[in-house]
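Please read this note with the sequence and the model side by side. The points are brief and may be checked in turn.

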Amino acid sequence: MKNRFTLSTVALSLILVLSIAYLAKLQWGWLRSIENYEHVRVRNVVGRTAWTLKTAFDDEIESLERCFQAPGGRRTQIAEQIHLRREDWRQGNRWPELLQDLYLISSNDDRSTSIELYNPVAKAFELVEWPAELEPLRKATSTLLAEGWPGLTARQGSTSRVVASVPALLIETQVQAQLGAMLEPAWLVVRLDKEYLRSEFLPELTSIFFSPPNFNNVELAVVETASGDLLFSTLSIDSFDDFGRSDVAYGLVDAGTDGEELPRIADMRAARGQEARANWNRPNTAADHAWFRDLYARNFHSGYWQLFVRRGGVSFADEVAAARLRTLRTSFGLLILLCTATTVIVVLARRAQRLARQQMNFVAGVSHELRTPLAVLSAAGDNLADCLVTDSEQLADYGRVIQDETLRLHEMVENVLHVARQRAPAPPLPLQPFDIARLVEEAVRSSKRQLEKAEFEVEEEIQPGAIRVLGNARALQAAILNLISNAVKYGRPARWLRISVLTAGKTGHEEVRIRVDDRGPGIEEAELPRLCDAFYRGRRAREAQIKGSGLGLAVVADVAKAHRGRVSIQSRPKGGSSFTLHLPLLSTAR
């Protein structure tokens, strides 16, 4: 039976472990799918909003470009057109301060370039020195204008170019130096206010598209593509390196050939001559091919500025991963709870099965125990009723038999009722101080007939003087009688028992020990912990078919517990057994 129980427990545990592992695998895959979906969904929402912001930024720059697209002509004509369009811009645009200055770059007779600043008061262009911010383009524009090749500077699908480091728009135009002269290539430079772009324009766009409560923790940064310099950020940082990883990135203002690369292009054209000029898009060297390919890839996939977006403090991927971890912890907690609940249910079910078996054995044992005295009482009653017994000695024998069987029935019924009371809620036993030594002597006298009939030799060792305890005399007497009856049942064939009442323990912890020893076959060590369980009977008792219900020691243990005491059992095979009832003395109990 024990081996079957062990194998079934191991099998059940293995099934539970495999089930949990399988469920964990399914849970992991499910959470991964949810994470990927959530990651994509969140990125799409933020990505669409960032794309809307990019479109608004591009539209503003392109509207500025369209506003100042002017046909060529004399400087006075261009100045008049610029004046009108400048006024239109300032009156009809939401962010008029975005425009800072207007310049005109043209060629001189010595193939150098000059730059003129538009004066809105005079409504004319005035020759000035090259501003330091536009100096990087001086050499490139001189070379390209001298060779008549302004088209390289244009953005894809446009005749203008953005120089993000200034920032400025370069719009192609043509200038007629004097009446009747040829139109010469030139550039109109629309310079943007960088500080306004950083402190007013971009913050306002951000507040429009990434406003609470939909985007409470979204952080943005705008960086110049060519230099990597930070133009704007919603964080208080000095460098883009402090921004960390982003979740969404878009180029602002789609780029063609980058303005910062114009000097390199001009040098290549000058070195190759006319053939290179006719076939500029097919470089002759591998290094030039790699450079053009990198330039094309960078400009095709990015703009003059880069817009980076991430979730506040952490990226969307990190936040989704953290949510997945929380879900995993919850799920595994539920799995562990399920496993624990299943284990508890199995344990309780097995305990219920074991209790049911014990109760069935109890019913069978009690039925057997009841059958014998009832049969004896029935037979004795029939004989007496039929006047078959007339002799006085026989009548006395019949009376003793009826008395013994009645006491046996009484003891059995009392044990059953006691166990039932202990299993059901009931008020505590009434306790009174009394002499436990005298109670033990009365119990021995009450058991005298049983001991004599079983031909047992009894030794008594009772400490002189009164040994007072606080307890219920009736319950303690029943416990002592059960110990004596237990020794009579299982103390054969030696037919000897000893009962002792002694005090022991340290000051403040004194106790009385009521001990019953026998010289029976002993008890197996594995059975000792369960001897006080209700309905439990040892293997040897079952094999020897010794009468009993398995309630005697359970009654003793319950009585001891009710008196703040305990029961200890000592036994060794073929060496007899000792049962000790430990009770606190009156002084200790109080």
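The numbered points below concern strands, their pairing and a helix.

1. This is a predicted model, in which local features need pLDDT of at least 70, side-chain atom pairs count only at pLDDT 80 or more, and totals for chains, interfaces and linings use all residues. Residues are numbered from 1 along each chain as its sequence is written, and side-chain values use heavy atoms, with hydrogens and water left out.

2. An open sheet of four strands follows the order β8-β7-β10-β9, with antiparallel pairing. Its edge strands, β8 (230-233) and β9 (248-254), each pair on one side only. Strands are DSSP runs of E with at least two residues, helices are runs of H or I with at least four, and both are numbered from the N terminus. Two strands pair if DSSP finds at least two bridges between them.

3. β9 and β10 (residues 303-311) run antiparallel and are joined by six bridges. Tyr 250 stands opposite Leu 307 in β10.

4. Helix α4 (residues 194-209) packs on this sheet and touches β7 (218-224), β8 and β10; contact means heavy atoms within 4.5 Å.

5. Strand β5 (residues 168-176) is mostly covered, with seven of its nine residues buried (under 20% relative accessible area, with a 1.4 Å probe and protein chains only). Nine bridges pair β5 with β6 (residues 183-192) in the antiparallel sense. The bridge partner of Leu 169 is Val 190 in β6.

6. β5 and β6 form a hairpin with six residues between them. In the turn, Gly 180 has a positive phi of about 90°.

Definitions and conventions:
Axes fitted to C-alpha atoms, helices over the stretch in contact; angles between N-to-C directions. Buried < 20%, exposed > 50% of the residue type's maximum accessible area, 1.4 Å probe, protein only.
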